[in-house]
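Trainee: Hey, could we go through the salt bridges in this one together? I'd like to see who pairs with whom.
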Amino acid sequence: MVAATPTAPADPATPVTPALGVSQVHRYYQLVDAGDVPALVALFAPDARYHRPGYEPMVGHAELERFYRDQRVIRTGVHTLATVVTTDDEVAVHGLFRGVLHDGGEVELRFADFFRMTPQGRIASRHTFFHVPAV
């Protein structure tokens, strides 16, 4: 379990640092695993884009909130990060998700997420990939 971390630089002119981007991404997974939709949506920029297999791209807080409250097939679960790689404004993670779907089925799968951060430390975009047989 990762301890609570700061959310964004106090001065909006202060550029995001790799460490802040990593702490925001860790915080994202804490909040999604806890089911705290308002707090996790607040980590995203108002015009953030989320690309997830099987869904049209989601843009903005309202679409993200609708996804997490109404469309996400996962009821509960835990993300375990194995790898975190960062550049100035990007954070890439690889990990394992274990959880329960709304239909009661259990799921365990590897995933990769690629985040781009705003200069203020919010998530500007997220691209998710799942390790499942496809081709």
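Mentor: Sure, start in helix H3 (residues 60-71; helices, H or I, at least four residues, and strands, E, at least two, are DSSP runs, numbered from the N terminus), where Arg69 and Glu65 both sit, 4 residues apart, about one turn of the helix. Their side chains form a salt bridge (a side-chain nitrogen of Lys or Arg within 4 Å of a carboxyl oxygen of Asp or Glu) at 2.8 Å, N to O.

Trainee: Is this a predicted model, or what is it?
Mentor: Predicted: local features need pLDDT of at least 70, side-chain atom pairs count only at pLDDT 80 or more, and totals for chains, interfaces and linings use all residues. Residues are numbered from 1 along each chain as its sequence is written, and side-chain values use heavy atoms, with hydrogens and water left out.

Trainee: How many salt bridges does the count come to?
Mentor: The count comes to 5 salt bridges.

Trainee: What does Asp89 pair with?
Mentor: Arg116, with the closest N and O atoms 3.2 Å apart. That pair links distant parts of the chain, 27 residues apart: Asp89 is in the loop between strands S3 (74-86) and S4 (90-101), and Arg116 is in strand S5 (residues 106-117). Asp89, Glu90 and Arg116 are linked in a network of salt bridges.

Trainee: And Asp113 and Arg126, buried or exposed?
Mentor: Both are buried (under 20% relative accessible area; exposed is over 50%, partly exposed in between, with a 1.4 Å probe, protein chains only). Their side chains meet in a salt bridge at 2.9 Å, N to O. Asp113 is in strand S5 and Arg126 in strand S6 (residues 123-131), so the pair ties together parts 13 residues apart in sequence.
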